[in-house]
Amino acid sequence: MEKPKPLQCISLNFREFQLVQAMLFAIEEINNSSDLLPGVSLGYKIYDTCGSIARSVKVTLALVNGNKMVASPSKACTSPSNVQAIIGETSSSPCTAIATVMGPFHIPLISHFATCACLSNKIKYPSFLRTIPSDYYQSRALAQLVKHFGWTWVGAVRSNEDYGNNGMATFIETAQKLGICVEYSVSFFRTDPSDKIQKIINTIKASTSKVIVTFLSHMDLDILLHELSGHNLTGYQWVGTEAWIFDSKTAEGDVNHILDGAIGLSIPKANVTGLKEFMLDVRPLNSSNADLFTEFWETLFSCNFKPLKSTENYRTCTGKEDINKVENSFTDMSLMPIFNNVYKGVYAVANALHKIMSCNKSCNKNMQLDPYTILQHIKGSNFKTKEGDHVYFNENGDPAAMYEIINWQPGENGTVDFVTVGLYDATLPTDRQMNLYNKTIIWMQNSLEVPLSVCSKKCPPGTRKVLLKGKPVCCYDCIRCAEGEISNSTDSVTCVRCPPESWSNDRRDACIKKKAEFLSYDEIMGILLTVASLFGTTTTSLVAFIFYRYRKTPLVRANNSELSFLLLFSLTLCFLCSLTFIGRPSEWSCMLRHTAFGITFVLCISCVLGKTIVVLMAFKATLPGRNVMKWFGPAQQRLSVLGFTFVQVIICILWLTISPPFPTKNFKEYKDKIILECALGSSVGFWSVLGYIGLLAMLCFFCAFLARKLPDNFNEAKFITFSMLIFCAVWITFIPAYVSSPGKFSVAVEIFAILASTFGLLTCIFIPKCYVMLLKPEKNTKKHIMGKGQSK
């Protein structure tokens, strides 16, 4: 309920002091150089913004107006009072404020640690440059790093300022494109009340993700670690940015080992010869700025030059304390890459001035320096430092992006070793940007196994992902692929239908070739039908032999031996044509099976019809005044058989010419089988063949029925009637059985109908005669045949 008090600087920040020392080292090195800016000395002003944006804007305006609030050099500046370039700031938010103010004046602002991608906007910040890569690359590198380890379900914590908000926004955008889901994304700032940080801790506790991606400044992370320590919140894999991943002070503050096994990106290691010695030799500071030296010395050694009554625990400073015996954040050189960035920024300004002032052995000191000209020359920088680092800026004022992948591993005496386990180079093609070395990575809780952080476990091959309603895309169920569909990769979104000739296996992860099914000679059904066909052929041949053996007997001669032998020949063909239905369908077999069947059956029934007509004519011829047999003698009988058969031949020729039968694959009958069958081609042709056979059969049956009671000792018409009854019954029942039978069984039904009707004709017409000829020879006489007929 009270207005917050203004921020006050209450202590010395050794990290920022080190950065100042790095700038002073570079300036001193340049001023002592005979190659760079010979005869020209660089001056400087140091302002303490204390991390406050308001103070940053205030000192910026002071620099623009030439206010000499704090002059650090020991010698008076002979150059104009207005500043030519600014080195700083460390954080992104102060830089945005400073760059906004400096932009209209075109005064270069070169930051060593402000990484917000927003600062690459040259429309808003035309005079901003930096020697550290933009978070545009770091955010994408983090997303690729997370994707590499298979973490698709992560939490996100960021600093509530430009660095954290912009960096995390880019990370989330890239992560979503890579199939990574963010369970929660929370933000805070180090000045926020503790209850807000407590809400963040509760969010982390309630989450199911085990990986936390951070875009936090080291100061914000220190606050968060302090709060997390009271909750024993371990067991999480932390992924960090360059802001803290290689910061030894952060590692020292992690007393509860919350960050153990952390992995993240850092600026590549660097070394500046002589910088460490310069930093540790702070005594020259005493002569240039006594107040700053006093504060620094008292803070470093926890002593006071002037004894204070209220601080009895503080000892008195002598000024002779040995800095080499102190181990703290000031003597720690782990931030050397950042110091190197400051060093490169100063040299970029010096090289620009060197070109502007046309320096060779001496410089044109009368040159009127223009900030805009200096800015353009800095943008065009292209040089190497004494350590061989290549310094240049792209069109956005950013350097080339390269990061080391750092892993926190346990060191001696509870310390943390920052181990480089990989490298990310944004200048390379996408598939080669990330390169992980063959080194052991220590994960959270000192585990050697990569932690698992997914909303749903990977769907194995044979299943597909189904998103859960109201959940992110990373949360899903795994549904087994339907029959005939497969998925052969993990986390498949869809199942792919197998090709028509294949079917899914039991695991649904591969298509296997369907078994081709047809009525073959190898299976029992095919063997039985083949045996039946050959038995019928053999029986018919045996009957033909018997008829030939007894061809001169009255019984054979009385039953038109010529038609009988032709009928036996056609029956043999009927038995044999059934074999064309067995075996793998081919073009010739498909055309042969139906046409051969149609022609042989018409030949057979034509013979039977001829025999029936002969019986009728013979009876008519016995009546007084009738002499009809002269109209249906042997020549007419042969012509009638030939004529009836010729009609069927014409039908078959038309069928084969217009649309013949052809082999086809039936995929509809069975899911896991291919039925190899013969397509009819023209249904009209097929049913015309059957219809013509049926027509002749009905005509034959009608004639035989009329002649069934004719007076004859051996009435052949009666047996023909029985055979036609069997024939018609078989083929009438064939039609529904054929239509309803699946696959090869329809072929078997057709073969059975052919064999059954053929056996019926053979049995009814010829077996009784064979019985008389072989077992009742006394009845095979003209007297017996004619006698009984006359008695009636």
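Mentor: A disulfide is a pair of cysteine sulfur atoms within 2.5 Å. The model is predicted, so local features need pLDDT of at least 70 and side-chain atom pairs count only at pLDDT 80 or more, while totals for chains, interfaces and linings use all residues. Residues are numbered from 1 along each chain as its sequence is written, and side-chain values use heavy atoms, with hydrogens and water left out.

Trainee: What makes Cys-459 and Cys-478 a disulfide?

Mentor: Their sulfur atoms are 2.0 Å apart, and the limit is 2.5 Å, so the pair qualifies. The torsion about the S-S bond is -90°, and the link is left-handed. Cys-459 lies in the loop between S15 and S16 and Cys-478 in strand S17, 19 residues apart. Helices (H or I, at least four residues) and strands (E, at least two) are DSSP runs, numbered from the N terminus.

Trainee: Why is Cys-459 called buried, and why is Cys-478 called partly exposed?

Mentor: Buried means under 20% relative accessible area, exposed over 50%, and partly exposed in between, with a 1.4 Å probe and protein chains only. Cys-459 has 0% relative accessibility, so this residue counts as buried. Cys-478 has 34%, so this residue counts as partly exposed.

Trainee: How do you know that Cys-574 is in no disulfide?

Mentor: The nearest cysteine sulfur, that of Cys-604, is 4.9 Å away. That value does not meet the cut-off, so no disulfide is assigned to Cys-574. Cys-574 has a relative accessible area of 1%, so this residue is buried.

Trainee: What is the nearest cysteine sulfur to Cys-577?

Mentor: That of Cys-574, 5.5 Å away, and Cys-577 is in no disulfide either. Its relative accessible area is 5%, so Cys-577 is buried.

Trainee: How many disulfides does the structure hold?

Mentor: It holds 9. One of them joins Cys-455 to Cys-475, with an S to S distance of 1.9 Å. This link is right-handed, with 105° about the S-S bond.

Trainee: Why is this pair said to tie together separate parts of the chain?

Mentor: Cys-455 lies in the loop between strand S15 (434-436) and strand S16 (463-467), and Cys-475 in the loop between S16 and strand S17 (476-480), so the joined parts are 20 residues apart in sequence. Cys-455, at 28% relative accessibility, counts as partly exposed, whereas Cys-475 is buried at 2%.

Trainee: Why is the disulfide of Cys-303 and Cys-317 called right-handed or left-handed?

Mentor: The torsion about its S-S bond is about 100°, so this disulfide is right-handed. The sulfur atoms of Cys-303 and Cys-317 are 1.7 Å apart. Cys-303 is in strand S9 (residues 303-304) and Cys-317 in the loop between strand S10 (315-316) and H12, 14 residues apart. Both ends are buried: Cys-303 is at 0% and Cys-317 at 7%.

Trainee: What is notable about the phi of Ser-302?

Mentor: Ser-302 has a positive phi of about 50° although it is not a glycine. Most residues other than glycine have a negative phi. Ser-302 sits in the loop between helix H11 (290-301) and S9. Its relative accessible area is 44%, so Ser-302 is partly exposed.

Trainee: Where is Leu-37, and is this residue buried or exposed?

Mentor: Leu-37 is in the loop between H1 and helix H2 (53-64). At 1% relative accessibility, Leu-37 counts as buried. Leu-37 also has a positive phi of about 50° without being a glycine.

Trainee: Which residues touch the most other members of the largest nonpolar core?

Mentor: A nonpolar core is a set of buried Ala, Val, Leu, Ile, Met, Phe, Trp, Tyr and Cys residues joined through side-chain atoms within 4.5 Å. The largest has 88 residues, and Leu-37, Val-157, Trp-238, Phe-296, Phe-330, Phe-339 and Ile-378 touch the most other members. Helix H12 (residues 336-356) gives the most to this core, with 13 residues. Another core, of 66 residues, lies apart from it and includes Val-543 and Phe-547.

Trainee: What makes H1 mostly covered?

Mentor: In H1, 13 of its 18 residues are buried. The helix spans residues 14-31 and reaches 25 Å from its first C-alpha to its last, close to the 26 Å expected at 1.5 Å a residue. The expected span is 1.5 Å times one less than the number of residues.
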